[in-house]
Amino acid sequence: MTNAFPRPVEDFEDEFDLDMGYVASGPGGAPLPAEGADGPYATDQGGAELDHEGRPPLQFTPPAVAAAPVQPSAPAESQMPAVAGFNPVGDLVAGASAAFSPPALGGGGGPEVSVPRIAIHVFAERQDTLGAAERAGQDRRLSRATTQIRVGGVAAAVEAYQHEPTPPLIIVECLKDPQTLLWEVDQLAEVCDAGTKVVVIGATNDILLFRELMRRGVSEYLVAPLQPLQLIAAIGGLFNDPAQPFVGRSIAFVGARGGAGASSVAHNTAYAMSERIGANTVIVDYDLPFGTAGLDFNQDPLNGVADALSQPDRLDPVLLDRMMVRCTDKLSLFAAPATLDTDWDISPEAFEEVTTQIRSTAPFVVLDLPHLWSGWMRRTLIAADEVVVVATPDLASLRNAKNMIDLIRQGRPNDAPPRLVLNQVGVPGRPEIPAKEFGSALGVHPSLVIPFDPKVFGAAANNGQMILDSGAKSKAADAFQMLAQIVSRRELPMLTGPKGKGEGKSLFSGLFKKKT
């Protein structure tokens, strides 16, 4: 009962699970209707719902109805059965979600949500709830929101809002019996402003309690104990924009040192995601003075990114489409102007707003970040859904990669560590740090090792082509297809050859080969 509006199981990825137990839903995931006179609510002659005292239920959204509080009383067995600890349906759904999610690909991400600039007040009773709320408030997904955590349950919230306006979202915890919880929720409704959303955290996993809270205008009911990602997903679900069908997954590529080849890795990986996996992808080249995305795709330099950053408040889907260059049917490009006529002194808020707007245009957004350090670089790396650090096997890359990974880990406590790609491995005559030792020093095993192949990479760069086109049979092409599967968490489609044999390669294709 921790999800008020159930979604398909496949929407949840990796380590993020929701306990879906005791969530009754009808077509489209909507809660089932009232059960008539035998349920918690009766109806009058006009069909309107009435509570036990013959009045309409209180609402946290307009119109607000003020009435006398419902005094706590012992619930009838048929109305409020307390069912705690036994949740076979929820366990089954959670197990199926974990079994079908791709942990080997994802490595532990969280829900992809976008929370606007709102104030969130949390009133918690349990210490673990306080800790989960604190970790959620520090998460990158809530970076635009302002979170205020207070000790105390519903009574503390009622006392606080006697003298101050309510924020857009209130999260309250109550560990009392269901009837007392409903009574306290009614008290809270009388001091809440119109439009305030309320999330209730309780100790009872009960479908009737859930329905009763929904009828009273509560937006979500969660069962303690909570994990930070559960709380983040619940908050994100309440503020989804109906006009925005999805929030694209942002994947940031950054080089540990200059010349590590992060841009080449980013562009070829994005091309593999769009052409081999078939996912709509957008490349954003944030290296404004020296970006090479236009050269790599043989496109005339445009001021797409620069124009977007100069007017982030005016961006809309139509304007974004005009600024993008369509390289293929599924790959679009925000190219950098690559000029030195401007100092490019742009605020971090502009980069954040442009990235947020672009994420609404495609399922995957590849951010090609320059090798520099500034406030907007730090915020972009921490806010990205996936971070890929591209390094060469030398001491300078090892030092810089360690600094980056340590900082990103600290700023993303609820996410998996960044991925490490070792590029240009095997340069003749150059002493190198072995990949195993390189990963051990960083505490991150390299996700991919790309061999040094100057002929293939040089020909592709000079011709404005991708490795998958100019050197389809090279080891680098296989490496980019593998990296595309890892960061997108999708497999390559299986292609059927002339003899009916599957020729597509995927991370799991070798597990199902028939042994002879």
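This report walks through two helix pairs and a set of salt bridges in a predicted model.

## Helices H12 and H13

Let's start with helix H12, which covers residues 348-358, and helix H13, which covers residues 375-383. Their axes lie 8 Å apart and meet at an angle of about 30°. Angles under 35 degrees count as roughly parallel, so H12 is roughly parallel to H13. The crossing of these two helices is right-handed.

If you would like to find the contact on screen, look on the H12 side for Pro348, Glu349, Phe351 and Glu352. Their counterparts on H13 are Gly375, Trp376 and Arg379. Sorted by class, this contact of H12 with H13 has three nonpolar, one polar and three charged residues.

## A salt bridge between H12 and H13

Two of the charged residues named in that contact, Glu352 of H12 and Arg379 of H13, deserve a second look. Arginine 379 forms a salt bridge with glutamate 352, and the closest N and O atoms are 2.6 Å apart. The pair links distant parts of the chain, with arginine 379 in helix H13 and glutamate 352 in helix H12, 27 residues apart.

How accessible are the two partners? Arginine 379 has 38% relative accessibility and therefore counts as partly exposed. Glutamate 352, at 21% relative accessibility, counts as partly exposed too.

## Aspartate 385 and its arginine partners

Across the structure there are 17 salt bridges. One of them pairs aspartate 385 with arginine 140, where the closest N and O atoms are 3.0 Å apart. Aspartate 385 sits in the loop between H13 and strand S13 (386-391), while arginine 140 sits in the loop between helix H3 (127-137) and strand S4 (146-151), so this pair ties together parts that are 245 residues apart in sequence. Is aspartate 385 buried or exposed? With 6% relative accessibility, aspartate 385 counts as buried. Arginine 140 is buried as well, with a relative accessible area of 9%.

Aspartate 385 also forms a salt bridge with arginine 359, and here the closest N and O atoms are 2.9 Å apart. This pair, too, links distant parts of the chain: aspartate 385 is in the loop between H13 and S13, and arginine 359 is in the loop between H12 and strand S12 (364-368), 26 residues apart. Arginine 359 has 13% relative accessibility, so arginine 359 counts as buried. Salt bridges that share partners join Asp139, Arg140, Arg141, Arg359, Asp385 and Asp415 into one network.

## Helices H14 and H15

Further along the chain, helix H14 (residues 395-411) packs with helix H15 (residues 435-442). The angle between them is about 40°, and their axes are 9 Å apart. H14 and H15 are therefore oblique to each other. Their crossing is right-handed.

Which residues bring H14 and H15 together? On H14 they are Ser397, Leu398, Ala401, Lys402, Ile405 and Arg409, and these meet Phe438, Ala441 and Leu442 of H15. By class, the contact of H14 with H15 has six nonpolar, one polar and two charged residues.

Technical notes. Residues numbered from 1 in each chain as written. Predicted model: local features only at pLDDT ≥ 70, side-chain atom pairs only at ≥ 80, totals over all residues. Heavy atoms only, no water. Axes fitted to C-alpha atoms, helices over the stretch in contact; angles between N-to-C directions. Helix = DSSP H or I, 4+ residues; strand = E, 2+ residues; numbered from the N terminus. Parallel < 35°, antiparallel > 145°, perpendicular 65-115°, else oblique. Left-handed = near helix turned anticlockwise from the far one by under 90°. Contact = heavy atoms within 4.5 Å. Nonpolar A, V, L, I, M, F, W, Y, C, P; charged D, E, K, R; others polar. Salt bridge = Lys/Arg side-chain N within 4 Å of Asp/Glu carboxyl O. Buried < 20%, exposed > 50% of the residue type's maximum accessible area, 1.4 Å probe, protein only.
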